[in-house]
Amino acid sequence: MLEKAFEGGRKYWIWILFLGAVALVGVYYYLQQFTYGLGITGMHRDVSWGLYIGQFTFLVGVAASAVMLVIPFYLHDYKTFSKIVILGEFLAISAVTMCILFIMADMGQPMRVMNVVLHPTPNSVMFWDFLVLSGYLVLNVLIGWVTLGSDKKGVPPPKWIKPLIYLSIPWAFSIHTVTAFLYAGLPGRHFWLSAIMAARFLASAFAGGPALLIILSMIVRNISKFDPGKEAIQAVGKIVAYAMFANIFFLGLEFFTAFYSSIPGHTSPFKYLYMGLEGHSELVPLMWTSTVLAAVSLLFLIFPATRKNEKSLVIACVMLFISLWIDKGFGLIVGGFVPNPFEEVHTYWPTMPEALITVGVWSIGFLILSMLYKIAVSVREQTAGVEIEH
Amino acid sequence: MSMDRRQFLKIAGISSILGLGASVANATHPIWVKGLDPSQVEPNKDALNAKKWAMVVDMSKFKTDEDFKKTIKACHLTHNVPDFRNPDGTVNKKFEVKWIWQTSYERAFPGQENRYMEEHLKDMPFLVLCNHCENPPCVRVCPTKATFKLPNGITMQDMHRCIGCRFCMAACPYGARSFNWIDPRKAVNPETENKEYPTRTIGVVEKCTFCTERLQSGKMPACVEAAPKGGLTFGDVEDPNSEVRKIVTTKLTIRRKPELGTGPQIYYLIGGGDHA
């Protein structure tokens, strides 16, 4: 099937070359970072994680969101999702790959990464994150490839893949729960020290990931003969609506606990992000952009008229995706570090090389995604109209 | 086994690419040869030992700026702590690495100040460093055991194993850890470099080690030696006869953020003055 990724038209190749070129820019700046050090980024002693770890966190959510298609299709036999489910699985592969690349980009000594395996440390959440993320990547590669392969041959998928599909469901929850535990168990980081962190992560993941999937499905439908189905897209739209509601509700709970208790350690990061603290309000416009986009997109998703209209649905999904990207890919990380343990405000803003490395990783992710989708679409175009068994 | 330096470097080079550096280094180290066990190697008889090292900081003994500077400098020179400067000579805050430093009461003990407190009390200088916690979050989160507890209570770290993930920096509630954002060797003055202590590579985290290497050769920590008399008292808090223990038992001391359950082992003496 892999050959399908290399049998594209002119537009396909221009797109692939474009992504490749952007990725190369990222690689160039990564090599600079590799020799000069992480000092090339905007990070410092007080905000020691930044854009890279933010992207990692956000993309773990995107990866986990495939489960929102897998559950209805495989557990509830919801046939409407028969075509779209492969798009979710392949999106997960691309997202996990980006996660791994962002972790590598953030490491001070990337050549020593195997130390995590050579000196396994079960008390470190990062050790578990390493395990669950690699496991999830293997699961999705295997499941996506085997089911699509059977589909190509017009036969039902082999029986042995079923248990792996069922395993991928709790596994998806685990990757985002474990990622939340990276933050939620640290004493002295009040912004992250919240029991609802994992639940918030899952809610935002199940909103952001499927929203991206709706956008991708629309694009796929426009540029190929493969149609994931209007009904499927509408169903995903409802999932996004519920998840986004849960996400905003959970964020509200955080606000309540912080501000009603009035404990300074808990309120300070929120003040820094949404109002400004000690004269520093750099992130305030960004966080309010996220808030407004979240509110408007939720309204779009709640009202049937705007949700059922595919044009406004896709606008809602774009707004929602940007909103969550700001909230989780940036605000969540920086908010945990400001103010610092001395209650001093030291701000952070990514540098140009850091931003270009980030864009480069996204390009690699989209490159993988484009090739995988090309394969899926080519197979599905051939088997169009045939009922997919599972 | 016999191998010359050239062969060794060749194998070490290849295996470190494969991430096996540590095991090769172990295999060729004298104490691993021919079944020699670490217990058969005699420890230094002069080494200072303790069940749990701890420090009492008596700020009343630090009277001048010079007292602070001298103490901090002793540590930073002993350990080749990089000194990043801006072109105008001020400290480069972006790349700053510090093991022991001066901050204000208000910053060291956030939330303890009150609004009626006079400015000079809020701004009262305090020395801060790694707390060598009994239950250190940095050790808990490290994915490679690069930071770990020694049996003597010191929170130690292996800068050759550190992968630079900076999880420990997020976990430390005391801001005690620094990362080498750029090549630290460029910020070590060759004239004052301590050849007996290694310099660091780029991309690893470092912090105070309670001068583990000095204790092993029978010397007190560098800061303790350089501080004004009675300013820093260092000893075994588990030993009922130690000076440190006597102070923490009989005097009013406070610790930074004890409510987090980390068990910090730096005690700040309140009132101070006449204990020693």
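Two strands pair if DSSP finds at least two bridges between them. The figures below use that idea on a predicted model.

**Figure 1. Strand β10(B) runs parallel to strand β1(B).** Three bridges join β1(B) to strand β10, residues 266–269 of chain B. Look for B:Val56 in β1(B). B:Val56 stands opposite B:Tyr267 in β10(B).

**Figure 2. Strand β8(B) runs antiparallel to strand β1(B).** Strand β8 covers residues 232–236 of chain B. Five bridges link it to β1(B). Which residue of β8(B) does B:Val56 stand opposite? The residue is B:Thr233. B:Val56 thus appears in both views: opposite B:Thr233 here, and opposite B:Tyr267 in β10(B).

**Figure 3. Strand β1 of chain B is largely enclosed by the rest of the structure.** The strand covers residues 53–57. Five of its five residues are buried, so the strand is largely enclosed. In a regular strand the side chains alternate between the two faces of the sheet. Now check β1(B). B:Trp53, B:Met55 and B:Val57 point one way. B:Ala54 and B:Val56 point the other way. Residues on both sides are buried.

**Figure 4. Chain B combines ten helices with ten strands.** Chain B has 276 residues, and 40% of them are buried. Now take the contacts in chain B with a separation of 6 or more. Residues 24 or more positions apart account for 62% of them.

**Figure 5. Chain A has 14 helices and zero strands.** From the N terminus on, every element in the run is α. The radius of gyration is 21 Å, close to the 21 Å that the globule rule gives for 390 residues, so chain A is as compact as a globular protein of that length. Its C-alpha trace spans about 65 × 50 × 40 Å along the principal axes. Buried residues make up 49% of the chain. Among contacts in chain A with a separation of 6 or more, 79% are between residues 24 or more positions apart.

**Figure 6. A:Val240 belongs to the largest nonpolar core.** In soluble globular proteins, nonpolar side chains tend to be buried together. The largest core here has 180 residues. Which members touch the most others? They are A:Ala63, A:Cys99, A:Val240 and A:Leu320. Helix α4 of chain A, residues 85–106, gives the most to this core, with 15 residues. Zoom in on A:Val240. Leaving aside neighbours within four places in sequence, A:Val240 is in contact with A:Ala207, A:Pro210, A:Ala211 and A:Ile214, among others. Its contacts also include A:Leu301, A:Cys317 and A:Leu320.

**Figure 7. Chain A touches chain B.** In this view, 34 residues of chain A are in contact with 42 residues of chain B. On chain A, α5 (115–118) and α6 (125–153) each supply at least two residues of the touching side. What classes of residue make up that side of chain A? There are 16 nonpolar, 13 polar and five charged residues.

**Figure 8. Residues 21–25 of chain B have pLDDT under 50.** The model has seven contacts beyond four places in sequence for this stretch. Where pLDDT is low, the predicted coordinates should not be read in detail. Chain B as a whole averages a pLDDT of 88, and 84% of its residues score at least 70. The model scores ipTM 0.91 and pTM 0.90.

Methods: Residues are numbered from 1 along each chain as its sequence is written. Chains are lettered from A and ligands numbered from 1 in the order in which they are written. This is a predicted model: local features need pLDDT of at least 70, side-chain atom pairs count only at pLDDT 80 or more; totals for chains, interfaces and linings use all residues. Helices (H or I, at least four residues) and strands (E, at least two) are DSSP runs, numbered from the N terminus. A residue is buried if 20 or more other C-beta atoms lie within 10 Å of its own, exposed if 12 or fewer, and partly exposed in between; C-beta atoms are placed from the backbone. Two residues are in contact if their C-beta atoms, placed from the backbone, lie within 7 Å. The radius of gyration is taken over C-alpha atoms; the globule rule is 2.2 Å times the number of residues to the power 0.38. Ala, Val, Leu, Ile, Met, Phe, Trp, Tyr, Cys and Pro count as nonpolar, Asp, Glu, Lys and Arg as charged, and the others, Gly among them, as polar. pLDDT is the predictor's confidence in each residue, from 0 to 100. A nonpolar core is a set of buried Ala, Val, Leu, Ile, Met, Phe, Trp, Tyr and Cys residues joined through C-beta atoms within 7 Å.
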